[in-house]
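Colleague: Please take a close look at one chain of this model for me. Start with the face it turns to its partner, then work inward.

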There are 4 protein chains.
Amino acid sequence: MSIRVTVWHEFRHEKKNPAVAAIYPQGIHETLAAHLRVSPDVLVRTAVLDEPEHGLTDDVLSATDVMLWWGHGYHGDVRDDIAAKVQQRVLEGMGLIVLHSAHHAKPFKRLMGTTCNLKWRESGDKEILWVTKPHHPITAGIEDHFTLDHEEMYGEYFDVPEPMETLLISSFTGGEVFRSGMTWTRGAGKIFYFRPGHETFPTYHNANVLRIIGNAVRWCAPAAGGVVPPGCPNPPVGWV
Amino acid sequence: MSIRVTVWHEFRHEKKNPAVAAIYPQGIHETLAAHLRVSPDVLVRTAVLDEPEHGLTDDVLSATDVMLWWGHGYHGDVRDDIAAKVQQRVLEGMGLIVLHSAHHAKPFKRLMGTTCNLKWRESGDKEILWVTKPHHPITAGIEDHFTLDHEEMYGEYFDVPEPMETLLISSFTGGEVFRSGMTWTRGAGKIFYFRPGHETFPTYHNANVLRIIGNAVRWCAPAAGGVVPPGCPNPPVGWV
Amino acid sequence: MSIRVTVWHEFRHEKKNPAVAAIYPQGIHETLAAHLRVSPDVLVRTAVLDEPEHGLTDDVLSATDVMLWWGHGYHGDVRDDIAAKVQQRVLEGMGLIVLHSAHHAKPFKRLMGTTCNLKWRESGDKEILWVTKPHHPITAGIEDHFTLDHEEMYGEYFDVPEPMETLLISSFTGGEVFRSGMTWTRGAGKIFYFRPGHETFPTYHNANVLRIIGNAVRWCAPAAGGVVPPGCPNPPVGWV
Amino acid sequence: MSIRVTVWHEFRHEKKNPAVAAIYPQGIHETLAAHLRVSPDVLVRTAVLDEPEHGLTDDVLSATDVMLWWGHGYHGDVRDDIAAKVQQRVLEGMGLIVLHSAHHAKPFKRLMGTTCNLKWRESGDKEILWVTKPHHPITAGIEDHFTLDHEEMYGEYFDVPEPMETLLISSFTGGEVFRSGMTWTRGAGKIFYFRPGHETFPTYHNANVLRIIGNAVRWCAPAAGGVVPPGCPNPPVGWV
């Protein structure tokens, strides 16, 4: 059965900053979508901030198994009611892959319950990503580490709940460290946060980064046949 | 050093239902506060829904180390901005003890990120609470199980994030089960959910229930000397 | 790609107790194997205690993706060196499904590091199993609960490490509770403990029990392409 | 009530390597013990490998609330039966603080169930330790990071079970990272692994390192009044 993916993107940086457009001429969402579309088992659509309802109508949401979310400069422009719908879909089983600066995206913050604050520096540090959970489906096929020549630095303390699994930890030229790949479940949904992806670097053209994202799509996809009871049932005496 | 506790309560059921008032003449909050005040290391105040700002002014919040929260019928009357402040205080280190039907309280739902839905039945089932983490500070002094003759039934699935620790699991006359004692951390704060406490039963007069709540106050109290950096620092190259 | 399963069984109770043989004429291992063999993506072999090396030669171990383990009365007869090899294979990525009284099996105790003690009573209690993680691959297709008319009672405290996920909790006629389905990872391997399965009851003919075991085989199967570095590498300066 | 601490140490490196003896003239154990003894609420004894029963008689074990363990070159000389007793005491509630190369100590490996393998290099890298859980009792009083000028490098993948909490992550001059402070519970006992402490560097004279160890002693101390039922009770029908 196919996995139905929606890649959500702000898609404004590319329109304002020629350096970003040079790296992602069609936008980060199209770069990610094109990579995922190579696999016949994945059906990909995209949605962006400036579409009506941010492209996330009820029809789109109910037909999405896994959502990728990239946002950076315009988190505040996302409507609260739509952020709540995305959260609700995760609780019903939709997978969510949270990319880079989307650590501050409304749906992610609502699901985590924390500030999701961190340290940062736009200085083009070299980033080395170390695998702390080999053999996990998301890190399958990745060596013990890989390197990105230039990235934005993110540093601890990263204010998120203790994860189910820590899959990747980064070090940076400056000596900082960051938990770059973490998983959680919320309700019936699986969540993966993946750190790299600053818009001014060609991170989403890197083969290791793309492999991890592709692995994560499959890991996040909901289990077939699951049933989550809605609401708060009030069963009578003797029903069991 | 003393632990500064604020017991928050809706305090409406007692005024509307004589059966509740008969069990808790001064209100559930005063019953809990009176128990906690016996210990000289705990300073207790109370706050209720119908006070200005629900009794949770900035001064009260900043002077609270551990908050107890009991709510049931009036979750929707709690102001969103005050719920957000309570959440923020937990992230800064305030402990939170969430009692019974406060599983649907706004601050708890914001911290969990899930629906916090469950099954329920007001049928006076016998509840047996089993310790699944003996030697934990919260279950210290509790035998392997204890019984409440009559309680509201809560049943799984309870839609909360996987806990850090499962301390207690209940069974009911009807055969249902429920994870009745669970812990999480969020930011610098510690959270304990404790199931029993339906307003029409004398649960908060039970010695085991009170012992667990007293233990939890001490477990939830913030560590001295902790420092959480506010916001998102932007340190320069070479700062380390 | 097929999943290669080895069902390990003591296979002594059936030879000594006609009541057990009446329920499992070919042995519990063959009942489980026959069920799993219906799926064309699973290759099943069996191994039993009284075979040379308990049927677990190096060739068998290295050709096993997922092992099921049922033991009860003869844990002490398992050779320590073979228990260590099973543990090592789990750390390398082999899935392990630990059934019922195998809570005291040597490989499981070595992987948990705890006593794995619990309460028990052979009284034919009714067991109700409640799903505490709907939509999980292992509970996919299972309603919110199901019932076994007669089973051995297991009760808390169950001395195992806090699990990654609690999937099922049982209640019994006597009012006891037990965490009946739990997951852990150790090294590259995934572990699932599943409580039911006393040899004097037809538990492994129950459709829900068999469905959960079948689901678990797929959940425990190792991710393709994983690499776990053996030993303790000593990389030189400048190797990154 | 006082916390009774036993500092266990191999105490052979100091006798063979003058460079180690120059840093720790009385041995690492005496340096740690002297620091802990400053606090009037801690009663400290030491025990070393070459004493009868490694200094860990039944009397010493039963009178120990928290044990520190430092070993490096002689893990194999520890008797299996004594390692098993230490493990058993942890399950009964004794705290265990595992220092540096004791990642391969027998009691720790038995409690973890994994290989506890890691990468390493004796090259005097600079180590920066970052706090990933501020406000935790163990990191109380520690800034967001601190630095050790020269240490042995440890790198991921560190083969231990997913921790309850990740408190500290290190980066090294070479770009490697390591989860340097992690907690687990096993049975009634609390375990803290703390990475720094190579014998050829003055790490245990560092104020931050000593503060963390002192904090950990208090965090690991068993809760008063806890009760863990021994063995596997077999309660009759109707006992609840």
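Modeller: Take the contact between chain A and chain B. In this predicted model, 31 residues come from chain A and 31 residues from chain B. On the chain A side, three elements give two or more residues each: helix H6 (106–112), strand S5 (119–131) and strand S8 (177–186). S5(A) gives the most, with four residues. By character, the chain A side divides into 14 nonpolar, 11 polar and six charged residues.

Two of those elements, S5 and S8, lead us into the sheet of chain A. This is an open sheet of nine strands with mixed pairing. Read across, the order is S2-S1-S3-S4-S9-S8-S7-S5-S6. S2 and strand S6 (145–155) form the edges, and each pairs on one side only. From one strand to the next, the twist averages 25°.

Now look at one pair of strands. S8(A) and S9(A) run antiparallel and pair over six bridges. Find Arg186(A): its bridge partner in S9(A) is Gly189(A).

Next, the helices on the sheet. H3(A) packs there and touches S1, S2 and S3 of chain A. The direction of H3(A) makes about 175° with that of S2(A). H7(A) also packs on the sheet. The strands that H7(A) touches are S1, S2, S3, S4, S6 and S9 of chain A. Its direction makes about 170° with that of S9(A).

Stay with H7(A), residues 207–220. Check its length yourself. The helix has 14 residues, so at 1.5 Å a residue it should span 20 Å. Its end C-alpha atoms are 20 Å apart, which agrees.

Which residues of H7(A) are buried? They are Val209(A), Ile212(A), Ile213(A), Asn215(A), Ala216(A), Val217(A), Trp219(A) and Cys220(A). These buried residues pack against helix H3 (28–37). They also pack against strands, including S1 (3–9), S2 (42–48) and S9 (189–194) of chain A.

Finally, compare a single residue in another chain. Thr185(C) sits in strand S8 (residues 177–186) of chain C. Thr185(C) counts as partly exposed because it has 19 C-beta neighbours inside 10 Å, and a buried residue needs 20 or more. Leave aside its neighbours within four places in sequence. Thr185(C) is then in contact with Met164(C), Lys190(C), Ile191(C) and Glu162(D). Leu96(C) is 89 residues away along the chain, yet the C-alpha atoms of Thr185(C) and Leu96(C) are separated by 9.8 Å.

Note on methods
Residues numbered from 1 in each chain as written. Chains lettered and ligands numbered in written order. Predicted model: local features only at pLDDT ≥ 70, side-chain atom pairs only at ≥ 80, totals over all residues. Contact = placed C-beta atoms within 7 Å. Nonpolar A, V, L, I, M, F, W, Y, C, P; charged D, E, K, R; others polar. Expected span 1.5 Å × (residues − 1). Buried ≥ 20, exposed ≤ 12 C-beta atoms within 10 Å, placed from the backbone. Pairing = 2+ DSSP bridges. Axes fitted to C-alpha atoms, helices over the stretch in contact; angles between N-to-C directions.
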